Amino acid sequence: MTGNEALVQVLRNALGKDGVRTDPDVTASYSRDMMPLAPVGRPLAVVFPADTEQVRAVVRACAAAGVPIVPRGAGSGLSGAANAIDGCVVLVTTRMNEILEIDPDNRLAVVEPGVVNLDLRGAVEKHGLFYPPDPSSYDWCTIGGNLSTNAGGLCCVKYGVTTDSVLGLEVVLADGSLLKTGRRTVKGVAGYDLTKLFVGSEGTLGVITKAVLALRPLPQAPATLVAAFGNTADAGTAVTRIVREGVVPSLMEIMDSVSIKAVEQHLRTEVGPPGCEALLLCQSDSGGEAARRELEAIEQACKASGADMTYVTEDLAEGQMLLTARRAVLTALEVYGAWLTDDVCVPRTAITDLIAGCAEIGARRQVKIAVCGHAGDGNMHPTLVYDPNSAEEFERARIAFDEILELGLSLGGTVTGEHGVGKIKREWLAKEIGPVGLAVHRSIKAALDPGNLFNPGSMFGVA
């Protein structure tokens, strides 16, 4: 029996036959996320632990065999952070999908990593509570993946990203020991903030097996505003005005003309008036008169910035229909070909410059680029569309992808606002944080994972 065969047998003994898959067709389906540019290898096996003890058994077995582990959730990521490397074991957490506790009095929930984001939101809503993080894939992405990438979403402008809703974690470390971080209290400053260290670590430091999450009171049904602009510069000015005036909507999204046209073709309906080059979508969940005041201030800012049209509705169904246009952008772009979405965050005052720069890159590289994103926090998603059957067109899209990252940095931004670094932006992380920052990252990795067991080669290479 070879070393690999022996490892597989140990894993089957620990997880049962159904918990370990080595069929090439199955392992291939769990080998990558949704980022086509990221490198991908062929895993030795894919394992599906059902509880923390099984995760610990997998970690110990792989550590003893010297076989790396790549943790994975639902595979909705967009950075290659969950992509397999040759000969690894992919550890899938989707079977660990229990909501272990909902504590309405202390406004917290304790969940396993395989819980789907939307399922958690629905469960706590029955208690009059709200879990804010809402990635666009919230109807199928899992909490574990959200934690590992520190996922954002459409409501970040008011409620922050995933880490802002995490109180504590349970993490299996490289030697199989179990680390518990954080607390269940509102405040707590005992020791280093290890919870935030693991949130966003992309599976490079350990396997998250449990999370204590902070909840909020359920907000009021949102009122919605849509504003149409004849150019993106005016839309960008409106965003700056809204922020300067201190209004904090629960959502503020922007769509450029390419996104608008794609969605109109996909939904077979008008999204903006004729000549619309940019669309701003805002919501307030403050309720009643407070929401009306917020949206009135936003509407005045849009009109003062040159909006051609504004429309406000308090009807929930109508608001959801308007928001459908924003959520449908990526699906709509498939009418033009395969898509490759980028993720840069810039100062809100630089949104217009980013959109203009993306248009220039698209024209120069002859690649269609649609830009939409979270205007409230400056996190934009330039999305490149290309013919997947054309190697030459794919290469132009890849070059344009990198040029957008360079543009984001030049505007004082970051190369990722919410998707993570993964295996696609390793060199860009090094450019952004510099040699000292990179050395600190590597030191932390070496201290917690001296054998480089977890997700080697993701986020940054080992020196």
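The lining of the second largest pocket in this predicted model divides by class into 12 nonpolar, 7 polar and 5 charged residues. The space in this pocket comes to about 690 Å³. Its lining is made up of 24 residues, and those nearest the centre are R121, F130, P222, L316 and Q320. Two or more lining residues come from each of α4 (117–125), β7 (129–130) and α11. Of these elements, α11 gives the largest share, with 6 residues.

The largest pocket has a volume of about 1000 Å³. A total of 49 residues line this pocket, and S76, G77, L78, S137 and C141 are the closest to its centre. Sorted by class, the lining holds 23 polar, 18 nonpolar and 8 charged residues. Helices and strands both take part: at least two lining residues are supplied by each of the helices α5 (143–149), α11 (316–327) and α12 (329–333), and by each of the strands β3 (69–72), β10 (207–214), β16 (338–341), β18 (368–374) and β19 (379–386). The largest share, 5 residues, belongs to α5. Helix α11 is worth a second look, as this element appears among those giving two or more residues to the second largest pocket and also among those supplying at least two to the largest pocket.

Turning from open pockets to enclosed space, a search of the whole structure for cavities of 30 Å³ or more returns 1. The space in the largest cavity is about 30 Å³. Its lining consists of M35, L78, S79, T341, D343, F401, H419, G420, I424 and K425. By class, these residues divide into 4 polar, 4 nonpolar and 2 charged. L78 deserves a note here, since this residue lines the largest cavity and is also one of the residues closest to the centre of the largest pocket.

Backbone geometry adds one further topic. Most residues other than glycine have a negative phi. Against that background, two residues in the segment after α15 (426–448) stand out, namely N455 and M459. N455 has a positive phi, near 45°, and is not a glycine. For M459, likewise not a glycine, phi is positive at about 75°. Are these two residues buried or exposed? N455 has a relative accessible area of 1%, which means that this residue is buried. M459, with a relative accessible area of 8%, is under the 20% cut-off and is therefore buried as well.

Key: Residues numbered from 1 in each chain as written. Predicted model: local features only at pLDDT ≥ 70, side-chain atom pairs only at ≥ 80, totals over all residues. Heavy atoms only, no water. 1 Å grid on protein atoms, 1.4 Å probe; cavity = no way out; pocket = protein on both sides within 12 Å on 5 of 7 lines; lining within 4 Å. Points joined across faces, edges and corners; volume = space filled by probe spheres on them. Nonpolar A, V, L, I, M, F, W, Y, C, P; charged D, E, K, R; others polar. Helix = DSSP H or I, 4+ residues; strand = E, 2+ residues; numbered from the N terminus. Buried < 20%, exposed > 50% of the residue type's maximum accessible area, 1.4 Å probe, protein only.
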